[in-house]
Amino acid sequence: PPRLAGLTIPGLVNDHSHAFHRALRGRTQRERGTFWTWREQMYAVAERLTPESYADLARATFREMLAAGYTRVTEFHYLHEPEPAMGEALRAAAAEAGIRLTLLDTCYVSSGFGAPPQGVQLRYSDGTAERWAERVGAGPAAIHSVRAVPRDQLHVFRGRSPLHVHLSEQVAENDACLAAYGVTPTRLLHEEGLLGPGTTVVHATHLTDDDIALLGETRTNVCITPTTERDLADGIGPARALADAGCRLTVGSDSHAVVDPFEELRGLEMDERLATQQRGHWSAAELLAIGTRGARIAVGEPADLVTLDTASPRTAGTGADEHTAVYAATAADVTHVVVGGERVYASGDDERIGHELDEAIGRIL
């Protein structure tokens, strides 16, 4: 095999993605942009997608992820109608791009604490969690949120693994959950038997001390998405406190406002610096382990490899080690990506990927 010149690290894991959100990049900041203008445009994209256009967009988005150094993606899939065509479009897109995919079929049956879905949300819904389970059967799954699945239907998810759920992304979600059920979203999931090592909660931005303790005691996984959380003004989650409590952390690109694992990882440290006015919450080695889920380059391990240019204007003179990867490199410094021993990206592919993204998004908007 050819020698990979530069710094080679294990493939990085994108543990939370909504592929169709990629069409929103650069378009949601007009007139300064609020969360609600973002959501309106997101719904508009969801309404226009067909299985064919979704396959094109997802394939190009997955190729952008590979170009950034992600070799695995967990797709939080709730745009179901028409199903199974939409899920099949995502699987085909990932296979063609060459990225490892975990497809989470997501249950979404309410627009908020029992209210029926409206408008394009009807494309997300099976009507009840029981009907969702009948359609999906076994396999990886997700609860969109405690807003979107009523408490009396959460029992459907007991024993499922892996199970992902959006959790406490905004203060409004916590307030509404307290009003509806008298407990925080974290406490609600705990009381329904849904926390544990097989569950990953996503965002976990606005937590009480009791919430952090529950997540840690149950060894629940937490996926933080720093670039999306800052883009939507959601806030800064207690990542270090969660890790100290016993949670395993991962990162994801979520809305794809940015697709850059190195930016997500250093965001964990930089955001905590802003929140606490202190440095040194994470070592570079700890952050890289979060990004790779602790993978190693060793005999018997999957040959998922990412090579970084150590002589670019960003990385030159930075030491060519984990500090280069986490605190100096960007996605633009990825020169070569291998998945399962097969080359899936080289730096000369960028123009083609950009063209595919431009065409795929142009067909939707």
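**A four-stranded sheet, a helix pair and two lone cysteines**

Val306 has its bridge partner in strand β11, namely Val337. The model here is a predicted one, so local features were kept at pLDDT of at least 70 and side-chain atom pairs at pLDDT 80 or more, while totals for chains, interfaces and linings use all residues. Numbering starts from 1 along each chain as its sequence is written, and side-chain values rest on heavy atoms, with hydrogens and water left out.

The Val306 pairing belongs to an open sheet of four strands, ordered β1-β10-β11-β12 and paired antiparallel. At the edges sit β1 (7-10) and β12, each paired on one side only. From one strand to the next the twist averages 20°. Strands and helices here are DSSP runs, numbered from the N terminus (strands are E, at least two residues; helices are H or I, at least four), and two strands count as paired if DSSP finds at least two bridges between them.

Going across the sheet, β1 meets β10 in the antiparallel sense over four bridges, with Thr8 standing opposite Thr307 of β10. Strand β10 (residues 305-308) then runs antiparallel to β11, again with four bridges. On the far side, β11 pairs with β12 (residues 342-346), antiparallel and over four bridges; here Val338 has Arg343 as its bridge partner. The β11-β12 link is a hairpin with two residues in between, and Gly340 in the turn has a positive phi of about 60°. Strand β11 (residues 334-339) is largely enclosed by the rest of the structure, because five of its six residues are buried (under 20% relative accessible area with a 1.4 Å probe, protein chains only; exposed is over 50%, partly exposed in between).

Elsewhere, helix α2 (residues 51-68) packs on helix α13 (residues 350-364) at about 150°, with 9 Å between the axes. That angle makes the two roughly antiparallel (the label for anything over 145 degrees; axes are lines fitted to C-alpha atoms over the stretch in contact, and angles run from 0 to 180 degrees between N-to-C directions). The contact (heavy atoms within 4.5 Å) includes Leu57, Ala60 and Glu64 from α2 and Ile353, Leu357 and Ile361 from α13.

As for disulfides (cysteine sulfur pairs within 2.5 Å), the structure has zero. The sulfur of Cys223 lies 12 Å from its closest cysteine sulfur, that of Cys247, which is too far for a bond. Both cysteines are buried: Cys223 at 0% relative accessibility, Cys247 at 7%.

Conventions. Angles under 35 degrees count as roughly parallel, over 145 as roughly antiparallel, 65 to 115 as roughly perpendicular and the rest as oblique.
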